[in-house]
Amino acid sequence: MAGELRLSANGERALREAEKACYAMNVAIQGAEHLLVGALLVLRSEGVEGIPEPDALERGLAMIHGSSDEQLTTNVMAGSGFRTALNETARATAARGETVVDAAVLVRGVIESGEVNPMFYGAAGTSKDALLALVSG
């Protein structure tokens with residue numbers, strides 16, 4: 001039986017980046033796209049090549065979730081797509097016998113969960129397959 005799942009340091013950073021993206025756009029509900037962007041930003045900061053520029057990722061988020069000029073006065077909450085994507089990532093990780101969820105695992109898991117709105121990829125200047133290729137192997 002596999003050990004208990006845990007987030008790596010960069011997995012934890014990905015969650016913080018997802019929340020930060022919501023605050024930057026004044027969006028109170030985190031979607032799967034926020035989780036994906038958080039993980040991609042972490043990998044980009046670690047030097048992974050081929051990840052879209054932060055502005056492109058922000059365009060993708062804006063296309064799906066919009067933004068507001070009014071500053072948030074409440075805490076950001078995880079929406080159902082965010083929770084489903086995270087749960088599916090954890091399930092798939094455990095099924096592979098792995099115990100650590102890092103930023104690359106999050107990218108793969110969120111995409112494979114099917115919770116990301118397909119319009120996000122084009123708006124961010126990428127594709128699902130291109131992102132999966134970055135974290136494969």
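1. In this predicted model, R96 sits in the loop that joins α4 to β4, and with a relative accessible area of 36% this residue is partly exposed. Once residues up to four places away in sequence are set aside, R96 touches V105 and R108, and both of these partners are listed among the buried residues of α5. Just after α4 there is also G97, whose phi is positive, at about 80°.

2. The helix that precedes this loop, α4, has 16 residues, and the distance from its first C-alpha to its last is 22 Å, which is close to the 22 Å expected at 1.5 Å a residue. Its buried residues are G81, F82, A85, T89, A92 and T93. Because these residues cover an arc of only 105° around the axis, they lie on the same side of α4. The face turned away from that buried side carries the exposed residues S80, N87 and A95, and a student can therefore read α4 as having a buried side, given that the arc of its buried residues is only 105°. Among the elements that cover the buried residues of α4 are α1, β2, α2, β3, β4 and α5.

3. How many of the eleven residues of α5 are buried? Nine of them are, so α5 is largely enclosed by the rest of the structure. The residues concerned are A103, V105, L106, V107, R108, G109, V110, I111 and S113, a list that includes R108 and S113 beside residues such as V107 and I111. They pack against α1, α2, α4, β4, α6 and α7.

4. The largest nonpolar core has 32 residues, and those with the most contacts inside it are L36, V107 and F120. Two or more residues come from each of α1, α2, α3, α4, α5, α6 and α7, while the largest share, eight residues, is supplied by α2. As a general point, nonpolar side chains in soluble globular proteins tend to be buried together.

5. F120 deserves a separate look, since the residues with the most contacts inside the core include F120 as well as L36 and V107. With neighbours within four places in sequence left aside, F120 is in contact with E33, L36, V37, L57, G60, L61 and I64. One of these partners is L36, itself a residue with the most contacts inside the core.

6. V116 lies in the loop between α5 and α6, and its relative accessible area of 7% makes this loop residue buried, the cut-off being under 20%. Not counting residues up to four places away in sequence, V116 touches A32, E33, L36, V110 and Y121. E33 and L36 also appear among the contacts of F120. By contrast, E70 is 46 residues from V116 along the chain, and the C-alpha atoms of the two are separated by 25 Å.

7. The loop between α1 and β2 holds both N26 and V27. N26 has a phi near 55°, a positive value in a residue other than glycine, and at 17% relative accessibility N26 counts as buried. V27 is buried too, with a relative accessibility of 11%. Leaving aside neighbours within four places in sequence, V27 is in contact with C22, H34, H65, G66, S67, L72 and V76. In sequence V27 and A62 are 35 residues apart, whereas in space their C-alpha atoms are 9.7 Å apart.

8. T126 provides another case of a buried loop residue, for T126 lies in the loop between α6 and α7 and has a relative accessibility of 17%. Residues up to four places away in sequence not being counted, T126 touches P52, Y121 and L131. Y121 is also one of the residues that V116 touches.

9. Which residues line the largest pocket? The lining consists of E17, K20, A21, A24, M25, V37, L41, P54, D55, L57, E58 and L61, and the volume of this pocket is about 170 Å³. At least two of the lining residues are supplied by each of α1, α2 and α3. Readers comparing this point with the fifth may note that V37, L57 and L61, which belong to the lining, are also in contact with F120.

Notes
Residues numbered from 1 in each chain as written. Predicted model: local features only at pLDDT ≥ 70, side-chain atom pairs only at ≥ 80, totals over all residues. Heavy atoms only, no water. Core = buried A, V, L, I, M, F, W, Y, C linked by side-chain atoms within 4.5 Å. Buried < 20%, exposed > 50% of the residue type's maximum accessible area, 1.4 Å probe, protein only. Helix = DSSP H or I, 4+ residues; strand = E, 2+ residues; numbered from the N terminus. Contact = heavy atoms within 4.5 Å. Expected span 1.5 Å × (residues − 1). Arc of directions from axis to C-beta. 1 Å grid on protein atoms, 1.4 Å probe; cavity = no way out; pocket = protein on both sides within 12 Å on 5 of 7 lines; lining within 4 Å. Points joined across faces, edges and corners; volume = space filled by probe spheres on them.
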